[in-house]
Protein chains: 2
Amino acid sequence: MNFMEEKILDEGEVKQGHILKVGSFLNHQLDVAFLADVGKAFYDHFGGRGINKILTVEASGIAIACMTAPYFHVPVLFAKKSKSHNLDAEVYSSVVHSYTYDMDNTLTVSKRYLTAEDRILIVDDFLAAGAAMKGLLALCEQAGASVEGIGVAIEKGFQGGGDKLREKGYDVCSLAIIDAMSAEGIRFR
Amino acid sequence: MNFMEEKILDEGEVKQGHILKVGSFLNHQLDVAFLADVGKAFYDHFGGRGINKILTVEASGIAIACMTAPYFHVPVLFAKKSKSHNLDAEVYSSVVHSYTYDMDNTLTVSKRYLTAEDRILIVDDFLAAGAAMKGLLALCEQAGASVEGIGVAIEKGFQGGGDKLREKGYDVCSLAIIDAMSAEGIRFR
């Protein structure tokens, strides 16, 4: 069992509706020493690939991205979530559906900060059905940026998003992949 | 001139309506090496006060909080912004008005992670009229947590929020205070 799986078993709580509460360390309160270990694990996996920028999406992805970027000595770029479809010409945008909140969000990044010269590592706290990740990949595609890898803290393997990305050839490094969970327990892949 | 003022002059852009664009390093793209210097400056000012948690608000405050917390060896807690006023009993909440988006947001934190035992450093990227800061202070007051200080990257001094907080006795450490700005230039306090 690795450090992420241990942390989930120690502090996570499984709730109705396939919800895993990890607010003590990952997406409300942030255990920054633990998140630095997450960043180190991503660097161990993705270092040496010429990555020059880390892309994530607000809000909780920002924490992981910030604790990862120092290992790569690169900046972070976070996509903004907007309710508006009324966007200016200065941004790339992609509409994604949030299953947690059952609503559409538009992800945007400035064209100034995502370009065809960029070699991107995408990171996020969760990967489930993969809607947010698809949005981030769409932004990279619009910019012509190359996606060198995807780093995820917790993948809900039973929702299939990660495997679809692997089938498409993406290198997805998930520190914990949950294949099943219930109030009785969590089964990791 | 300090490192924050230099960065603002190098990379910031003043736009119509008292907007200072700092998306290259502070609130869209994130210069994490620079933000670590911000965290170090907050530690130089607020270290030794028994601070055990850093509080901020999503989204861009998370980056500064994460790059500050390692100096203090403490966790971060970020307040969530919600459109809903329909909250459960497990959270403290405070309604704040966003002047940028001309709308109300409800800030919430879990009662589990903010308590009367906490000695809090609040950090944020901007302090202008102080609406978001008032919301964070209200959450601390509801929890009975003591606020040991407030660290801000950029204060728009001409909007008065910082000075009101100082009059109330808060130790507000702003790394740059802008007393006036226009397309012609920026005057720091």
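# Two copies, their contact and some residues within them

Student: By what turn and what shift can chain B be laid on chain A?

Tutor: A turn of 180° with a shift of 0.0 Å along the axis lays chain B on chain A, at an RMSD of 0.0 Å. The fit is by least squares on the C-alpha atoms of residues with pLDDT of at least 70 in both copies. This is a predicted model: local features need pLDDT of at least 70, side-chain atom pairs count only at pLDDT 80 or more, and totals for chains, interfaces and linings use all residues. Residues are numbered from 1 along each chain as its sequence is written, chains are lettered from A, and ligands are numbered from 1, both in the order in which they are written.

Student: What kind of axis relates the two copies?

Tutor: The turn and shift just given relate them as by a two-fold rotation axis. In chain B, the C-alpha nearest that axis belongs to Ala59(B), at 2.5 Å from it.

Student: Why is it said that the copies meet through the same surface?

Tutor: Of the interface residues of chain B, 100% are also interface residues in chain A, so the same surface is used. The contact takes 20 residues from each of chain B and chain A. Two residues are in contact if their C-beta atoms, placed from the backbone, lie within 7 Å.

Student: Which elements of chain B give two or more residues to the side that touches chain A?

Tutor: They are strand S3 (29–30), helix H3 (61–72) and strand S5 (76–82) of chain B. The largest share, 6 residues, comes from H3(B). Helices (H or I, at least four residues) and strands (E, at least two) are DSSP runs numbered from the N terminus. By class, this side has 14 nonpolar, 4 polar and 2 charged residues. Ala, Val, Leu, Ile, Met, Phe, Trp, Tyr, Cys and Pro count as nonpolar, Asp, Glu, Lys and Arg as charged, and the others, Gly among them, as polar.

Student: What makes strand S3 of chain A and S5(B) a pair?

Tutor: Two strands pair if DSSP finds at least two bridges between them. S3 of chain A (residues 29–30) and S5(B) have 2 bridges, in the antiparallel sense, so the condition is met. Gln29(A) stands opposite Leu77(B) in S5(B). S5(B) is also joined by 4 bridges to strand S4 (residues 53–57) of chain B, and these two run parallel. There, Val57(B) stands opposite Ala79(B).

Student: Why does Val152(B) count as buried?

Tutor: A residue is buried if 20 or more other C-beta atoms, placed from the backbone, lie within 10 Å of its own, exposed if 12 or fewer do, and partly exposed in between. Val152(B) has 29 C-beta neighbours inside 10 Å, so it counts as buried. It lies in strand S9 (residues 146–156) of chain B. Leaving aside neighbours within four places in sequence, Val152(B) is in contact with Asp124(B), Leu127(B), Val172(B) and Ser174(B).

Student: How do you know whether His18(B) and His73(B) are buried or exposed?

Tutor: The same count settles each case. His18(B) has 14 C-beta neighbours inside 10 Å and therefore counts as partly exposed. His73(B) has 10 other C-beta atoms within 10 Å and is therefore exposed. His18(B) is in the loop between strands S1 (13–15) and S2 (19–21) of chain B, while His73(B) is in the loop between H3 and S5 of that chain.

Student: What is notable about the backbone of these residues and of Ala59(B)?

Tutor: Most residues other than glycine have a negative phi, and most peptide bonds are trans. Phi is positive in His18(B), near 60°, and in His73(B), about 55°. The peptide bond from Glu58(B) to Ala59(B) is cis, with omega near 0°. In chain A, the bond from Glu58(A) to Ala59(A) is cis as well, with omega near 5°.

Student: What makes H3(A) mostly covered?

Tutor: Of its 12 residues, 10 are buried; among them are Ile62(A), Cys66(A) and Phe72(A). The helix reaches 17 Å from its first C-alpha to its last, close to the expected 16 Å. That expected span is 1.5 Å times one less than the number of residues.
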